[in-house]
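Open the model in your viewer and keep the selection panel at hand. The stops below say what to select next and what is there.

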Amino acid sequence: MTVHPSLQPAIDAWTQSIESVHELVKPLAESDWNRATECPGWSVRDVVSHIIGVECEMLGEPRPIHTLPRDLRHVTDEFSRYIEVQVDVRRCHTAPEMTSELDYTIIRRSRQLRNDQRSPQASVRWPLGGGSERTLERTLAMRAFDVWAHEQDLRRALGVPGNLDSPAAVIARDMLLAALPQVVAQDSGARPGTTVAFDVHGPLEFLRTVRVGPQGRGTIDGSVSLGPTATLILDWETYVRLACGRVRAESVADRVKTEGDQELAWSVLREFAVTP
């Protein structure tokens, strides 16, 4: 247990997800590590490499000195170049090397989290933000979200669904919902007075309404709106895939039902991705 109980839910969620990742990949044959995932350009091995790399940086390890090949078409900007280093440096690693490093990383990170004496509001360098800092509380929640999202990438690639309602899934839901007001009010250009309802079913069920105020600012709540401008009805897994930028709206049109203003509904869906 950490000395700050408020941090424990995020630590427990991270632990459950990263151990699930380990259980998923430990029995894989060498060829399965090369299966493609919905992360552009990334295989199962690459997703696991990314998880390991970020956790190693959270441990304070220096980043690898590594020059990326020039033919990686999915590497298009400074952010993608930054995160690709930890991935590309492990592309020659065997399955046993990958599972061994993941296991060792989990052990060390768990020990670090168990012994951490810092306040939840302590500033922590965020390894994916070009030197930016976040509170420890926010950082742990984001790590739980990120590892869970990649666990789901692996599960889809390997055909092993599960953990869509895990503790980290709840953290992911809350973080994705927090981004909805901007998606509706700013990104999709909804007019003041607009209301957009999101009816999500599946392992995690929820109903949320985003309202655009007179000044064009969006707010979100769980109350039912009578006669919303547009309604989006979709399952939780599709919501996650869209919000995490894994698929385009048109490719999952058969999994989304829209009511009301169709132009607005599809404008929201096309701007739904909120993670890089």
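In which sense do strand 3 and strand 6 pair, and over how many bridges? The two strands run parallel, and six bridges join them. Keep in mind throughout that this is a predicted model.

**Stop 1: the strands**

Select residues 195–201, which are strand 3, and add residues 230–235 for strand 6. One bridge to look for is that of Asp-199, whose partner in strand 6 is Ile-233.

Now add residues 206–212, which make up strand 4. Strand 3 and strand 4 are antiparallel, with six bridges between them. Thr-195 has Arg-211 of strand 4 as its bridge partner. Four residues separate the two strands in this hairpin, where Gly-202 has a positive phi near 120°.

Strand 5, residues 218–221, comes next. Four bridges connect it to strand 4, again in the antiparallel sense. Val-212 is opposite Gly-218 of strand 5. The hairpin of strand 4 and strand 5 has five residues between the strands, and here Gly-216 adopts a positive phi near 85°.

Go back to strand 6 and add residues 256–260, strand 7. These two strands are antiparallel and share five bridges. Ile-233 is opposite Lys-257 in strand 7.

**Stop 2: strand 6 and its two faces**

Show the side chains of strand 6. In a regular strand, side chains alternate between the two faces of the sheet. Which residues of strand 6 lie on each side? Ala-230, Leu-232 and Leu-234 are on one side, while Thr-231, Ile-233 and Asp-235 are on the other. Both faces are covered, with all of these residues buried.

**Stop 3: Asp-199**

Select Asp-199, in strand 3. Is Asp-199 buried, exposed or partly exposed? Its relative accessibility is 32%, so it counts as partly exposed; the cut-off for buried is under 20% and that for exposed is over 50%. Leaving aside residues up to four places away in sequence, Asp-199 touches Phe-206, Leu-207, Leu-232, Ile-233 and Leu-234. Draw a distance from the C-alpha atom of Asp-199 to that of Leu-234: the separation is 6.6 Å, with the two positions 35 residues apart along the chain.

**Stop 4: helix 8**

Select residues 236–243, helix 8. Seven of its eight residues are buried, so the helix is largely enclosed by the rest of the structure. The buried residues are Trp-236, Thr-238, Tyr-239, Val-240, Arg-241, Leu-242 and Ala-243. At the N-terminal end, Asp-235 acts as the cap, with a side-chain oxygen 3.2 Å from the backbone nitrogen of Glu-237. Just past the helix, Gly-245 has a positive phi of about 70°.

**Stop 5: the aromatic rings**

Show Phe, Tyr and Trp side chains. How many aromatic pairs does a search of the whole structure find? It finds six. One of them is Trp-148 with Trp-236: the ring centres are 6.0 Å apart and the planes are at 20°, so this pair is stacked. Trp-148 belongs to helix 5 and Trp-236 to helix 8, and the pair links parts of the chain 88 residues apart. Both Trp-148 and Trp-236 are buried.

Phe-206 and Tyr-239 give an edge-to-face pair, at 5.7 Å between centres and 85° between planes. Phe-206 is in strand 4 and Tyr-239 in helix 8, so this pair ties together parts 33 residues apart in sequence. Phe-206 and Tyr-239 are both buried.

Select Trp-148, Phe-198, Phe-206, Trp-236, Tyr-239 and Phe-272 together: ring pairs link them into a cluster.

**Stop 6: the nonpolar core**

The largest nonpolar core has 82 residues. Those touching the most other members are Val-25, Trp-148, Phe-198, Trp-236, Tyr-239, Leu-242 and Phe-272. Helix 5, residues 136–158, supplies the largest share of this core, with twelve residues. Center the view on Trp-148 and list its contacts beyond four places in sequence: among them are Ser-17, Asn-163, Leu-164, Ala-172, Trp-236 and Val-240.

**Stop 7: charges over rings**

Finish with two arginines. The charged end of Arg-63 is over the ring of Tyr-82, at 3.8 Å from the ring centre. That of Arg-109 is over the ring of Trp-14, at 5.5 Å from the centre.

Conventions. Residues numbered from 1 in each chain as written. Predicted model: local features only at pLDDT ≥ 70, side-chain atom pairs only at ≥ 80, totals over all residues. Heavy atoms only, no water. Core = buried A, V, L, I, M, F, W, Y, C linked by side-chain atoms within 4.5 Å. Buried < 20%, exposed > 50% of the residue type's maximum accessible area, 1.4 Å probe, protein only. Contact = heavy atoms within 4.5 Å. Polar contact = N/O pair within 3.5 Å; in protein donor to acceptor, adjacent residues only side chain to side chain. Phe/Tyr/Trp six-rings, centres within 6.5 Å; stacked < 30°, edge-to-face > 60°. Lys NZ or Arg CZ within 6 Å of the ring centre and 35° of its normal. Pairing = 2+ DSSP bridges.
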